[in-house]
Amino acid sequence: MCGIFIAFSKKNRPLNSRKCQESLAELFNRGPDFTKYQFFLNHRLFISNSILSITGKIDQNKNLFQSSSKRFSIAFNGEVYNYRELQKKFLKIDYFKTKEFTDTEVLVNLHDFISTTKIPKLLNGMFAYVIYDIKKNNLIIANDVQGEKNLYYYNDDNFFIVSSTPKSILKFIGRTNLNINVLKSYFTTRHYMPLNQTCFSNINLFKNGILINCDLKK
């Protein structure tokens with residue numbers, strides 16, 4: 001289990017570095033082995049990943065995993081079971097620093113060779129990921145169809161935030177209002193089953209099997 005936290009400042013202002021780091025720290029229990037993070041766009045975009053190592057050895061570089069072309073950077077949560085088969089079919093072994101490469105490295109490098117829309121259909125596993133395309137200046141957001149790896153988001157006039165848990169979003173934005181309708185439904189039925197809402201009024205859940213391209217210029 002790993003954790004993803006992304007923050008983007010819609011205004012032409014840099015993000016608060018301390019607030020970004022504190023929000024990332026809220027994901028420690030999801031990925032206690034290591035953390036990777038980077039700022040982009042003059043500190044307007046923060047992408048981070050807390051990592052629980054499952055496959056291969058962790059690259060101790062604090063920067064995010066990048067594709068060999070340096071075009072794509074990734075924050076990933078989950079496990080791709082068929083990553084070695086994908087590597088053999090689409091990638092050369094010399095794309096990796098060692099023979100003990102990870103499923104994260106395979107996934108980000110696939111974007112250099114395969115259409116973004118085709119990649120989730122090739123993955124056998126449970127996954128959620130956010131990839132920054134530096135060339136097109138957009139975020140690619142995807143998760144699995146079975147809903148094993150969820151992604152939450154917050155969106156207002158100032159910020160767009162994506163995270164593996166509402167906790168890190170709350171840390172970044174401060175206090176938020178409760179979603180009374182969702183809480184009423186829970187206490188009435190004793191089941192928490194909203195499709196894309198949460199118990200917080202301004203934090204929502206992406207649907208399962210999504211693939212979204214967010215143009216940061218717009």
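Start with I74: its bridge partner in strand 6 is I131. That pair belongs to a ladder in this predicted model, where strand 5 (residues 72–80) and strand 6 (residues 125–133) run antiparallel and share 9 bridges.

Now zoom out to the sheet around them. Five strands line up in the order 4-5-6-7-11, with antiparallel pairing, and the sheet is open. Its edges are strand 4 (65–66) and strand 11 (211–215), each of which pairs on one side only. Helix 3 (residues 103–110) lies across strand 4, strand 5 and strand 6, and its direction makes an angle of about 130° with strand 5.

Next, have a look at strand 8 (residues 152–155). With strand 9 (residues 159–163) it makes a hairpin, leaving 3 residues between the two. The pairing there is antiparallel and runs over 4 bridges; within strand 9, F160 sits opposite N155. Strand 8 also pairs with strand 10 (residues 204–205), again antiparallel, through 2 bridges, and here Y152 has L205 as its bridge partner.

Which residues of strand 8 are on the covered face, and which on the uncovered one? Y152 and Y154 are on the covered face, while Y153 and N155 are on the uncovered one. In a regular strand, side chains alternate between the two faces of the sheet.

One last stop is K36, in strand 2 (residues 34–40). Is this lysine buried or exposed? K36 counts as buried because its relative accessible area is 1%, and the cut-off for buried is under 20%. As for a polar partner, the K36 side chain reaches the backbone oxygen of N63 at 3.1 Å.

Note on methods. Residues are numbered from 1 along each chain as its sequence is written. This is a predicted model: local features need pLDDT of at least 70, side-chain atom pairs count only at pLDDT 80 or more; totals for chains, interfaces and linings use all residues. Side-chain values use heavy atoms; hydrogens and water are left out. Buried means under 20% relative accessible area, exposed over 50%, partly exposed in between (1.4 Å probe, protein chains only). Two strands pair if DSSP finds at least two bridges between them. A polar contact is a pair of N or O atoms within 3.5 Å; within protein, one must be able to donate a hydrogen and the other to accept it, and residues adjacent in sequence count only if both atoms are side-chain atoms. Contact means heavy atoms within 4.5 Å. Axes are lines fitted to C-alpha atoms, for helices over the stretch in contact, and angles run from 0 to 180 degrees between N-to-C directions.
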